[in-house]
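Trainee: I should like to take a close look at a single part of this model. Would you please guide me through it in one connected account?

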Amino acid sequence: MLTTPVLRGVKLQIGAEVHVLTKKAFAPIVEINPHVTKVYTLTEDINDVIGDLKKENYDEVIDLHHNLRSQRIKLALGLPSNAFKKLNIEKWLMVQLKINRLPPVHIVDRYLETVSHLGVKPDGLGLDFFLQKEEHVNVEQKFGFKPFNYTSIVIGAAHQTKCMTTEQIQKLCNALDMPVILLGGKEEVEKANQILKGVSQDKVKSAVGELTILQSASVIEQSGPIITHDTGMMHIAAAFKKPQVVVWGNTIPGFGMYPYYGNENVKWIGFEQTDLKCRPCSKLGYDKCPKGHFRCMLDHDISAIASTAKSMIT
């Protein structure tokens, strides 16, 4: 998601043919991108894909991951390349010593710096997300809610310390006083089932574990405001220019991965516990709070989050 402005810029501004190498799980998002001609997927043995890449006779490799695996691939191809400059030292200082040397620059703009030598400039159009007709979800038929008259709540994230608890989401649903669709993956089905036990099931419906990522994106596209954690769905909502309430846990927007709208003035409001000395405790997250108190999430004012979301309804 966050690399889509780079793909668009390289394709449209300099007319290059763009191929993408990514993990199999992310391929469906890239394959429908009209700025991408071909998608290769990584397997356990990267030699399998290196042979195919050598046959393409590329002019340059743009490395937006910059890890040992991508370094190995670049060495094998032996082509001119430019790599995204990570902030590992700056993030370590922030996490371990709470010394803030993080630049006030979104990661998307730092990705774009990786292709600036090619003549690609930020176009201010934000992120891209493309849906095909077969991925469209008829929300009125499936959930009984009219498009743009409900709120989507993303109940999970890659790590539990980024997530509101079951009880918090129940309280949030009850405070919203508007239709709600819960979104999440198969790993969050049990959490969704527990949430439904404490809310009006006429007002709150769960799509958790039932939809593909593209179908979930369709629900977001037709949604009113989005309530989410620091997760991929936040970026999908930004691509659709949706107003958002982002509830931060152990991570911080200062890492540069908050909603990115380009030059468009779309409202997003973040809730975070800025006075906690232990936060951020990780640049990613944990299965449980390393301190045991989980105040970065449990101290949130759920009523204020609900009120903010309601204020975003147009």
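Mentor: The account below begins with one helix and follows its contacts outward to other parts of the chain.

Please keep in mind that this is a predicted model. The helix in question is H5, which covers residues 88–97. Which of its residues are buried? Lys91, Leu93, Met94 and Val95 are buried in this helix. Lys91 is a charged residue by class, and yet it belongs to this buried set. Residues count as buried when their relative accessible area is under 20%. The charged end of Lys91 sits over the ring of Phe255, at 5.7 Å from the centre of that ring. After H5 comes Lys98, and its phi is positive, near 60°.

Let us now turn to the chain just before this helix. Phe84 lies in the loop between strand S4 (81–83) and H5. Its ring is paired with that of Tyr111, the two centres being 4.6 Å apart and the planes at 50°. Why is this pair described as tilted? Planes under 30 degrees apart count as stacked and those over 60 as edge-to-face, so an angle between these limits is called tilted; the planes of Phe84 and Tyr111, at 50°, fit that description. Tyr111 belongs to helix H6, and the pair links distant parts of the chain, 27 residues apart. Both partners, Phe84 and Tyr111, are buried. In the whole structure, the search finds four aromatic pairs.

From helix H6 the path continues to a charged contact. Asp123 forms a salt bridge with Arg8, with the closest N and O atoms 2.7 Å apart. Asp123 lies in the loop between helix H6 (107–113) and helix H7 (139–143), whereas Arg8 is in helix H1 (residues 4–14), so the contact ties together parts that are 115 residues apart in sequence. How accessible are the two partners? Asp123 is partly exposed, with a relative accessible area of 32%, while Arg8 is buried, with a value of 3%. The contact also belongs to a network of salt bridges that links Arg8, Asp123 and Asp128.

Two further salt bridges may be set beside this one. Lys146 forms a salt bridge with Glu140, where the closest N and O atoms are 3.2 Å apart. Lys146 is partly exposed, with a relative accessible area of 48%, and Glu140 is partly exposed as well, at 40%. Glu272 forms a salt bridge with Arg279, and here the closest N and O atoms are 2.8 Å apart. Glu272 counts as partly exposed at 31% relative accessibility, but Arg279 is buried, at 9%. Over the whole structure, the search finds nine salt bridges.

Finally, consider the spaces within the model. The search of the whole structure finds one cavity of 30 Å³ or more, and the largest cavity has a volume of about 80 Å³. Its lining has 13 residues, and those nearest its centre are Cys278, Cys281, Cys289, His293 and Cys296. By class, this lining divides into seven nonpolar, three polar and three charged residues. The second largest pocket holds about 180 Å³ of space. It is lined by 13 residues, with Phe148, Ser223, Gly224, Pro225 and Thr314 nearest its centre. The lining of this pocket has seven nonpolar, five polar and one charged residues.

Note on methods. Residues are numbered from 1 along each chain as its sequence is written. This is a predicted model: local features need pLDDT of at least 70, side-chain atom pairs count only at pLDDT 80 or more; totals for chains, interfaces and linings use all residues. Side-chain values use heavy atoms; hydrogens and water are left out. Buried means under 20% relative accessible area, exposed over 50%, partly exposed in between (1.4 Å probe, protein chains only). Helices (H or I, at least four residues) and strands (E, at least two) are DSSP runs, numbered from the N terminus. On a 1 Å grid over the protein atoms alone, a cavity is a set of points where a 1.4 Å probe fits but cannot get out, and a pocket is an open set with protein on both sides within 12 Å along at least five of seven lines; lining residues have an atom within 4 Å of a point. Grid points are joined across faces, edges and corners, and a volume is the space filled by probe spheres set on the points. A salt bridge is a side-chain nitrogen of Lys or Arg within 4 Å of a carboxyl oxygen of Asp or Glu. Rings of Phe, Tyr and Trp (its six-membered ring) pair if their centres lie within 6.5 Å; planes under 30 degrees apart count as stacked, over 60 as edge-to-face and the rest as tilted. A charge sits over a ring if NZ of Lys or CZ of Arg is within 6 Å of the ring centre and within 35 degrees of the ring normal.
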